[in-house]
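This briefing is for a reader who has the sequence and coordinates at hand. It is arranged by topic.

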Amino acid sequence: MEKSQPLSSELPSDPPPTYDAAAKEHGLPIRQPQQQQSPQQGRRLPPPAALDLPILRYMRTHRVILASASPRRRALLGQLGLPNIEVLPSTKPENLPKDQMGAFEYVSATAQQKALDVYQVAIKQVEEATQAAENGVLFDATTTTTTANGNGDGNNNNNKPSLKNKDPDLVIAADTVIVTRDGAILEKPTSEQAHVRMLKHLRDTRTHRVLTAICCVAPKPDASFPGYAIATHTEETRVTFAKAADGLPDDVIDAYVKTREGVDKAGGYAVQGLAGMLLVEKVEGSVDNVVGLPVRHCLRLCEKVVFKQDGDSEGEEE
């Protein structure tokens with residue numbers, strides 16, 4: 001019987017075999033080694049180009065005012081390539097009589113009131129700035145504050161051309177309300193208890209309507225009466241809340257209210273936030289209308305008062 005030989009401890013000098021020969025023998029495709037990407041190939045694609053429409057080109061080069069403090073409305077316009085739009089909210093009380101007006105009439109009249117108030121305030125600020133300049137005083141038309149000539153903070157930007165030193169070319173205002181199944185008009189909740197009651201009512205009645213009125217105002221070149229073109233549109237969207245038995249019991253509503261996400265929103269919820277995941281079951285119509293600004297109709301109204309003023313009547317509702 002032959003003695004077994006100890007295994008050699010020397011490493012083989014030949015490279016390890018590959019599967020290529022066997023693959024060729026069986027007619028199988030040979031997998032090619034993956035090539036490393038060059039640094040240039042690994043770069044991120046450039047961001048998409050800005051939306052290019054005539055009305056957006058106009059809005060980027062003229063004084064356009066959003067008559068609303070809503071960050072959601074400003075964000076929606078920012079997505080259109082208008083990130084630096086001027087914001088000047090109306091300070092006029094929203095005290096139109098709901099009980100004497102229908103929901104459509106109320107929300108439309110409130111939006112018109114906001115638009116005209118801001119349009120007139122902006123013109124007045126420019127007039128005051130012009131008068132102050134004639135009197136040798138530097139006047140900031142955006143904050144209605146004055147500083148003595150030469151005694152400011154050292155940043156004398158008043159000699160630089162600014163859109164804010166001219167009358168507004170376009171004012172956009174909007175108002176959003178919730179209309180319950182029984183016809184009640186809901187706006188922002190006034191307390192935590194009212195917030196909870198509001199959301200429970202919307203859940204228990206299942207479906208409600210969201211109305212957003214847009215109003216756009218632009219000056220008339222010929223200054224014919226009343227001196228501006230104005231147009232409004234009211235958009236309606238139906239929103240259905242989930243049932244208590246389908247994942248929306250009282251404790252979920254209580255927990256949502258404590259997040260305070262919906263404190264400053266009509267109806268007390270934000271469809272673009274947690275509410276869209278927890279409270280809302282279905283949306284029929286424009287989602288951006290529920291957020292607070294139906295963008296497509298907003299642009300159409302802007303085009304109308306800027307480019308198509310012929311035939312418009314004051315306060316025209318579409």
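The points below cover one helix, a surface patch, salt bridges and cysteines. The model is predicted. Its salt bridges come to a count of 15, and it holds zero disulfides.

**Helix H5**

- Helix H5 runs over residues 192–204, which is 13 residues. From first C-alpha to last, H5 reaches 18 Å, close to the 18 Å expected at 1.5 Å a residue.
- The buried residues of H5 are Ala194, His195, Val196, Met198, Leu199, Leu202 and Arg203.
- An α-helix has 3.6 residues a turn, so residues three or four places apart point the same way.
- The cover over the buried residues of H5 includes four strands: S5 (170–179), S6 (185–186), S7 (207–219) and S8 (228–241). Helix H6 (250–259) is also among the elements that cover these residues.
- After H5 comes Arg206, which has a positive phi near 65°.

**Nonpolar surface patch**

- Leu274, Met277 and Leu278 make a nonpolar surface patch of about 300 Å².
- Leu278 belongs to helix H7, residues 274–278. The relative accessible area of Leu278 is 40%, so this residue is classed as partly exposed.

**Salt bridges**

- Side chains of opposite charge can pair when their charged atoms come close.
- Arg72 and Asp264 form a salt bridge, with 3.1 Å between the closest N and O atoms. Arg72 is in helix H3 (residues 71–79) and Asp264 is in the loop between H6 and H7, so this pair ties together parts 192 residues apart in sequence.
- Which class of burial do the two partners, Arg72 and Asp264, fall into? Arg72 counts as buried at 17% relative accessibility, whereas Asp264 counts as partly exposed at 35%.
- Lys98 pairs with Glu187 in a salt bridge whose closest N and O atoms are 2.9 Å apart. This pair links distant parts of the chain, 89 residues apart: Lys98 sits in the loop between strand S2 (86–87) and helix H4 (103–134), and Glu187 in the loop between S6 and H5.
- Lys98 is partly exposed, its relative accessible area being 32%.
- Glu236 and Arg209 meet through their side chains in a salt bridge, at 4.0 Å from N to O. Glu236 lies in strand S8 and Arg209 in strand S7, so the pair ties together parts 27 residues apart in sequence.
- Glu236 counts as partly exposed at 30% relative accessibility, and Arg209 is partly exposed with a relative accessible area of 22%.
- Lys200, Arg203, Asp204 and Asp250 are joined into one network by salt bridges that share partners. Arg203 also appears among the buried residues of H5.

**Cysteines**

- Why does the structure hold zero disulfides? A disulfide is counted where two cysteine sulfur atoms lie within 2.5 Å.
- For Cys215, the closest cysteine sulfur is that of Cys216, at 6.7 Å, which is too far for a bond.
- For Cys216, the closest cysteine sulfur is that of Cys302, at 3.8 Å, and this is also too far for a bond.
- Cys215 counts as buried at 0% relative accessibility. Cys216 is buried as well, with a relative accessible area of 0%.

Note on methods:
Residues numbered from 1 in each chain as written. Predicted model: local features only at pLDDT ≥ 70, side-chain atom pairs only at ≥ 80, totals over all residues. Heavy atoms only, no water. Helix = DSSP H or I, 4+ residues; strand = E, 2+ residues; numbered from the N terminus. Expected span 1.5 Å × (residues − 1). Buried < 20%, exposed > 50% of the residue type's maximum accessible area, 1.4 Å probe, protein only. Contact = heavy atoms within 4.5 Å. Patch = residues over 30% accessible without salt bridge, like charges linked within 9 Å, V, L, I, M, F, W, Y side chains within 5 Å. Areas by Shrake-Rupley, 256 points an atom, 1.4 Å probe, with all protein chains shown as cover.
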